Amino acid sequence: METKLLRIAELAKSDPRMKFTSLAHLLNKQELVQCHRELPNKKATGINGTTKEQYGESLEENIEDLVSRLKSKSYRPVPVRRMYIPKLNSNKKRPLGIPEHEDKIVQRGITKILNTIYEEDFLDCSFGFRPNRNCHDALKILNFYIEKRSVNYVVDVDIKGFFDNVDHTWMMEFLKLLIADPNLLRIIGRFLKGGYMEEGKKYKTDNGTPQGGVISPILANVYLHYVLDLWFEERNANLQGRSKPATFDFLGFTHYCGRSKQGNFRVKRKSSRKKVQGKLKETKEWLKINRHKDIHMIMDRFKRSLIGYYNYYCVTDNTQTVNNFNDKIGKLLFKWLNRRSQRKSFTWDKFRLFLDKYPLPSPRIKVNIYELRKEISYIL
């Protein structure tokens, strides 16, 4: 499979307008077994409740049956199970669609194929859901663009309900620009039209692609490539002039204009207030519910949570904001551990001694915004 995908990537790179006519056969037994193994363990299950472990108990037979249905064109994904997760700093909830494990296998196989084709077509400035690209890479490139290139303005856009409102007709038309394999297109179309189950009732999906589905990120990127990225690229080519953008939020950071020690223009960043408040609220709620649990468990959870937070937010210029966050986390811990009983067991001096015994990690810079990975530096 890897060899064939490399060949597809070479063809896509050599001829950006090439249409691929034979792709569905890549969803063979060997590849689907590999996709099964690559899927994470202990994830939420679809409407039938089949776990990865259960599916793997008769893996060879299950995959052979799956391949047979794919070849006979009788394979149809089951409706996804709809669940809801809360939005940050909001009473609203975001819908997620959880596919059955077998459908996740097929989606992963198709995702590999689509990524191979479209990675050669997507713009270098596009980072969302892209393999071998992460948020820190996007922040570094953004920083370079604003500081070193002619930036006229920053457009901050959040597409409301994007995954729920993708137009299926246009989605398929975009895919047909590079894919001419009717069998693969048929399977993708069935995923789009597969519907969802909520409270025992099945609903049709005339538009949208389930957020939470393995295949949804690459389909979203294909759609946005044609309706947004190429349009922005064309518009930007026709704009002239140079000005510095005002403050804006992006990827959890507030970006603002500053100066280097030499007095030169610089983009600086700090944790966005919205994200900080959301994390503090989440921490408070967790402590409120779990403060009576074993202290070792509580402190271990805090340690792991803070390490994850620091790994993301400890970037150039953001030390002070993270230190402030760290202080607020300490105050929350002091407050809620004091509520473990009616007696106020902690003074600040005793609490500091407690932290000597159960130390929390201290923030320090993890990411230099000016250091680019070799895989990304070619963009410049």
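In which sense do strands β3 and β4 pair, and over how many bridges? The two run antiparallel to each other, and 3 bridges link them, with β3 covering residues 196-198. Keep in mind that this is a predicted model. Here's a quick tour, going from the whole chain to one sheet and then to a couple of residues worth a look.

**The whole chain**
- You're looking at a chain of 380 residues, and 43% of them count as buried.
- Its secondary structure comes to 15 helices and 7 strands.
- Measured out along the principal axes, the C-alpha trace spans about 70 × 60 × 35 Å.
- Take the contacts in the chain with a separation of 6 or more: 71% of them come from residues 24 or more positions apart.

**The four-stranded sheet**
- β3 and β4 belong to an open sheet of 4 strands, arranged in the order β2-β1-β3-β4, and the pairing is mixed.
- The edges are taken by β2 (93-98) and β4 (201-203); each has a single partner strand, so one side of each has no neighbour in the sheet.
- On average, neighbouring strands here are turned by 40° against each other, if you ignore direction.
- As background, strands of a sheet pair through backbone hydrogen bonds, and they can do this parallel or antiparallel.
- For a spot to find on screen, try E198, which stands opposite K201 in β4.

**E100, a buried charge**
- Follow the chain out of β2 and you'll meet E100 in the loop that leads to α5 (101-118).
- Is E100 buried or exposed? E100 is buried, yet it has no salt bridge.
- The nearest side chain of opposite charge is R81, and that's 7.1 Å away; a salt bridge would need the charged atoms within 4 Å, so R81 doesn't make one with E100.
- What E100 does have is the backbone nitrogen of G46, which lies 3.5 Å from a polar atom of the E100 side chain.
- Leaving out residues up to four places away in sequence, E100 touches G46, I47, N48, G49, T50 and V78.

**K71, out on the surface**
- K71 sits in helix α4, which covers residues 59-71.
- Why does K71 count as exposed? Its relative accessibility is 67%, and the cut-off for exposed is over 50%.
- K71 also shows how the fold brings distant parts of the sequence together: K71 and N183 are 112 residues apart in sequence, but their C-alpha atoms are 8.8 Å apart in space.

Notes. Residues are numbered from 1 along each chain as its sequence is written. This is a predicted model: local features need pLDDT of at least 70, side-chain atom pairs count only at pLDDT 80 or more; totals for chains, interfaces and linings use all residues. Side-chain values use heavy atoms; hydrogens and water are left out. Two strands pair if DSSP finds at least two bridges between them. Axes are lines fitted to C-alpha atoms, for helices over the stretch in contact, and angles run from 0 to 180 degrees between N-to-C directions. Buried means under 20% relative accessible area, exposed over 50%, partly exposed in between (1.4 Å probe, protein chains only). Lys and Arg count as positive and Asp and Glu as negative; His and the chain ends are not counted. A polar contact is a pair of N or O atoms within 3.5 Å; within protein, one must be able to donate a hydrogen and the other to accept it, and residues adjacent in sequence count only if both atoms are side-chain atoms. Contact means heavy atoms within 4.5 Å.
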